[in-house]
Amino acid sequence: MSEVSANREKIVALERSMEQMEPASLETNHYFAHGTYTRELHLPAGTILTGKIHRHSCINIIPKGKILVLTDEGEYTIEAPYTFVSGPNVKKAGAVIEDTIWLNVHPWDGDSDLDQIEQELIVPMENRICRG
C-alpha cells in the first residue's frame, strides 16, 4: 500500500471516530480581491479537524499558530509563519497545538456566493471539526 493511500485511510478512520465527538464550529472569514477568494479559519488549540478537499491546487498561509497535519502526502508539524502550496484532491487532518489561523487562497472570478464557491472549488465529501 502506498503512503498516500495509507494516510488517506488514517484520515478516513479519524473522521469515523470523530462521529462520536461533539462537533465544533470555527470562526471563518471570507475575502475577495481581483481574481481571488481567500478563506480564513481560526483554529483554537485543542481542535481536531479533517479538511475539505480542493479540486485545484491552492496557496495555504499559516500566519499564526502551530498544528500537526496529516495529509495524503505525509505528516508535518507546521509552525507559523509558514506558506505552502497543496495539490488538488489532497485530504488533510489536523490537531491544533496552539491557536492557529489558516488561510486558503483560490483563484476565483465569480461573485461572493459561498454555495457557488463550494460547488466549484470543493469536492463533495465529509469533513469534521471537534474540540479535543
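**Exercise 1.** Which strand holds threonine 38, and is the residue buried or exposed?

*Solution.* Start with the element: threonine 38 sits in strand β2. Keep in mind that we're working with a predicted model here. Next, check the accessibility: the relative accessible area of threonine 38 is 13%. Buried means under 20%, so threonine 38 is buried. Finally, look at its partners beyond four places in sequence: threonine 38 contacts Asn29, His30, Tyr31, Leu103, Asn104 and Val105.

**Exercise 2.** Place histidine 106 in its strand and work out whether it is buried or exposed.

*Solution.* First, find histidine 106 in strand β8, which covers residues 92-107. Then take its relative accessibility: because that is 5%, histidine 106 counts as buried. Now list the contacts, skipping neighbours within four places in sequence: Gly35, Thr36, Tyr37, His54, Cys58 and Leu121. One last distance: asparagine 60 is 46 residues away from histidine 106 in sequence, yet their C-alpha atoms are 9.3 Å apart.

**Exercise 3.** Which elements give two or more residues to the largest nonpolar core?

*Solution.* Begin with the members. The core has twelve residues, including Leu43, Leu49, Ile67, Val96 and Trp102. Sort them by element, and β2 (36-43), β5 (58-71) and β8 each turn out to give two or more. The largest share, three residues, is from β5. Now zoom in on one member: valine 96 touches Leu43, Pro44, Ala45, Gly46, Thr47, Leu49, Lys66 and Ile67, leaving out residues up to four places away in sequence. There's also another core, apart from this one, with five residues, among them Tyr37, Ile117, Leu121 and Ile122.

How values were computed
Residues are numbered from 1 along each chain as its sequence is written. This is a predicted model: local features need pLDDT of at least 70, side-chain atom pairs count only at pLDDT 80 or more; totals for chains, interfaces and linings use all residues. Side-chain values use heavy atoms; hydrogens and water are left out. Helices (H or I, at least four residues) and strands (E, at least two) are DSSP runs, numbered from the N terminus. Buried means under 20% relative accessible area, exposed over 50%, partly exposed in between (1.4 Å probe, protein chains only). Contact means heavy atoms within 4.5 Å. A nonpolar core is a set of buried Ala, Val, Leu, Ile, Met, Phe, Trp, Tyr and Cys residues joined through side-chain atoms within 4.5 Å.
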